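User: I'm new to reading protein models and would like some help finding my way around one. Could you take me through it feature by feature?

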Amino acid sequence: MHKNVIYNCRIIIHSGKILLIRPKMWMANNGNYRELRYFTPWMKHRETEDHYLPRIIQAVTGQTKVLFGDAVVSTVDTCIGVELCEELFTPASPHILMGLDGVEIFTNSSGSHHELRKLHTRVDLIKEATQKLGGIYLYANQQGCDGDRLYYDGCAMIAVNGHIVAQGSQFSLQDVEVVTATVDLEDVRSHRATSSRSMQAAGSSRYQRIEVDFSLSDESTASIVAIEDLVTSSRRTEVRYHKPEEEIALGPACWLWDYLRRSRTQGYFLPLSGGIDSCATAVIVHSMCRLVAESARKGDQAVISDARRIAGEAEASAYVPTDPREFANRVFHTCYMGTVNSSAETRNRAKDLAQAIGSYHTDLNIDTLVTAIRDLFAFVTGFKPQFRAHGGSPAENLALQNIQARMRMVVAYLFAQLLPWVRGRNGGLLVLGSANVDESLRGYLTKYDCSSADINPIGGISKTDLKKFIAYAQHNFELPILESFITAVPTAELEPITDTYVQADEADMGMTYDELSVFGRLRKVEKCGPYSMFTKLVHEWGSFLSPTQVADKVKLFFFEYARNRHKMTTLTPSYHAEQYSPDDNRFDMRPFLYPSRFPWQFKKIDAAAATLPDRSTVRPAEAKEKLA
């Protein structure tokens, strides 16, 4: 707090003294961030003021006041500047003006969260910052879960003149990781020796320099020394990028471990349906157990200590969780909750998967509970609802499906609270949800059903990416059972199966999962409303769908999206993995009750579709393949 204004700052310290308090100038205030709730940006660029320290700090440093503002630190041999997190991502980043004024080393202490395929953006920005400008960029990033939807994936880096020379791990169970490199300051000076850069630098604005009698380089290198005694610079390294399937295996798994150990609970409980979504959630927990076992084998005492506590072992226990299946049996509980509408195939798939990953599995039917609710309604009203297959109306059919889904949520929380007691242990379990990002966006879930949970590791991941992840895990985790999940038709199994009808998710939704991913990105990432989405898709899909078909799909998506927006208010907190994930109601200030039709926009779409020529050349049977 400076002059009664709260700033987000970095503090530069040397030998027990504060050299500079550098406030952040550009705030992250969109998407997952709302820094302006608390902080004010520093508006006096390249200016500093005196900041009077609180007495408790004066007693430690012996200083009464220090510099506060936008300045750089000048050592005996170089000049160091500070760039904060979001400032790297802004168009006019501070490193540009600092570099033109002679700053050679840029430091960035960042809080950049993980998203699938996002590391490329981060690396490109760091490389570009030093490619044109020249310089050394030290990038440190937060690592772990901060108790929110975000996972900070670390991956600290050091770049020199547009090349990465050191890179930390992107996903790790360690709390702290240190990345180092040996660099040559003369390489920066050689890189900057261009006429155009020199002309811009000669006219650049000046930063205040805080001088420190300290050298980063060894004084011996300034004199004549033997060649064999010289330290060699770190070589360029190829940046390690994980494939999206690997990111799904590692990011949510690390997030789950951090969330579990910080919540002080005894494990996870998952309603395992036999479908691909709950399967993916279970495999991510299996990946978490694999990471814990790997860290334990390497002797990570922090991981071992947490694992002992979570598994119910005494503090003095010699237990080491080196077997992921054995550890899963202690901390991961799965349950198949069948009804008369469930198939033997999904029941067996759930059982086989639980056995393969080692979870403590229970198998039960909830028909008596569903029947009791149904009979209660009939007793009170005199009307007994029927499924559509038995002559019931759409309202009856939907209500009977929702009873099953909501009863599963109630049973899930009962078992999560009492299964540790059944097994002779204390504490409770966290319930995991397993609704993917596309279903949440479309609203294809029952409010307060088994998708309502404590946390959801796949709530920000598309069905398309989940299928690729399952295929990856099948081979890399040696789980052949996963093949049956990949080939199974997604179904909720909430309606009776007849000779002419088997419930299928994509048929129920009226759109495919691949189409939903496209709609989601256009709506949120590219900020399209109904009409602008239509104008984009009529070109992208025009070779295999007519303008009228595109119009119908866009209108159906927005109709269902608007009709189900109220479900966003109760959505289970999910691991953030995609920019187009459903809007978190902490940040989405729009109404959650939308009119279910957009009359003006839909009228414009229909008018445009009627005048556009049909250029589709693909037969209807091939259209679905093209959409995928």
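Analyst: Let's go from the overall picture to a sheet, a few side chains and some unusual backbone spots. Keep in mind that this is a predicted model.

User: Okay, where do I start? How many helices and strands does the chain have?

Analyst: A good habit is to take stock of the whole chain before zooming in. Here you get 21 helices and 17 strands. The C-alpha trace spans about 95 × 75 × 50 Å along its principal axes. Of the 628 residues, 51% are buried.

User: What does the UniProt annotation say about residues 1–185?

Analyst: An annotation is a label from a record, so treat it apart from what the coordinates tell you. The UniProt entry, which is unreviewed, marks residues 1–185 as "domain: CN hydrolase". Looking at the coordinates of that stretch, you find 15% helix and 31% strand. Its end C-alpha atoms sit 36 Å apart.

User: Now sheets. In what order do the strands of the four-stranded open sheet come?

Analyst: To read a sheet, follow which strand pairs with which, rather than the numbering. This one goes S1-S2-S4-S3, and its pairing is mixed. Strand S1 (9–14) and S3 are the edges, each pairing on one side only. From one strand to the next, the twist averages 30 degrees.

User: How do S1 and S2 run, and how many bridges join them?

Analyst: They run antiparallel, joined by six bridges. For one pair to look up, take arginine 10, whose bridge partner in S2 is arginine 22.

User: Let's try another strand. Which way do the residues of strand S14 point?

Analyst: With a strand, check each side separately. In S14 (residues 268–271), Tyr268 and Leu270 point one way, while Phe269 and Pro271 point the other. All of them are buried.

User: And which strands does S14 pair with?

Analyst: One is strand S15 (residues 332–338), paired in the parallel sense over four bridges. There, leucine 270 stands opposite threonine 334. Another is strand S17 (residues 430–431), again in the parallel sense, over two bridges. In that pairing phenylalanine 269 stands opposite valine 431.

User: Next, charged side chains. Why would two of them pair up?

Analyst: Side chains of opposite charge can pair when their charged atoms come close. In this model, a search of the whole structure finds 30 salt bridges. Take glutamate 49 and lysine 3, whose closest N and O atoms are 3.1 Å apart. Glutamate 49 is in strand S3 and lysine 3 in the segment before S1, so this pair links distant parts of the chain, 46 residues apart.

User: Is each partner buried or exposed?

Analyst: Glutamate 49 counts as buried because its relative accessibility is 16%, under the 20% cut-off. Lysine 3 is exposed, at 57%, since that is over 50%.

User: What salt bridges does aspartate 306 form?

Analyst: Start with arginine 261: the closest N and O atoms of that pair are 3.3 Å apart. Aspartate 306 lies in helix H8 (residues 301–310) and arginine 261 in helix H6 (residues 244–263), so the bridge ties together parts 45 residues apart in sequence. Both of these residues are buried. Aspartate 306 also meets arginine 309 in a salt bridge, 3.3 Å from N to O. Those two are about one helical turn apart because they are three residues apart in helix H8. Arginine 309 is partly exposed, with a relative accessible area of 23%. Salt bridges that share partners join Asp175, Asp258, Arg261, Arg262, Asp306 and Arg309 into one network.

User: Which residues form a nonpolar patch on the surface?

Analyst: For that, look for nonpolar side chains grouped on the outside. Leu414, Leu418, Trp421 and Val422 make such a patch, with about 430 Å² of accessible area together. Valine 422 belongs to helix H12 (residues 394–422) and is exposed, at 53% relative accessible area.

User: Last one: where do I find a positive phi in a residue other than glycine?

Analyst: Check the loops here. Arginine 46 has a phi near 60 degrees and sits between strand S2 (17–23) and strand S3 (48–52). Arginine 46 counts as partly exposed, at 27% relative accessibility. Glutamate 478 has a phi near 55 degrees, in the loop between helix H14 (463–476) and helix H15 (482–487). At 66% relative accessibility, glutamate 478 counts as exposed.

Terms used: Residues are numbered from 1 along each chain as its sequence is written. This is a predicted model: local features need pLDDT of at least 70, side-chain atom pairs count only at pLDDT 80 or more; totals for chains, interfaces and linings use all residues. Side-chain values use heavy atoms; hydrogens and water are left out. Buried means under 20% relative accessible area, exposed over 50%, partly exposed in between (1.4 Å probe, protein chains only). Two strands pair if DSSP finds at least two bridges between them. Axes are lines fitted to C-alpha atoms, for helices over the stretch in contact, and angles run from 0 to 180 degrees between N-to-C directions. Patches are made of residues with over 30% relative accessible area and no salt bridge: like charges are joined within 9 Å, nonpolar side chains (Val, Leu, Ile, Met, Phe, Trp, Tyr) within 5 Å. Accessible areas come from the Shrake-Rupley method with a 1.4 Å probe; for residues, only the protein chains shown count as cover. A salt bridge is a side-chain nitrogen of Lys or Arg within 4 Å of a carboxyl oxygen of Asp or Glu.
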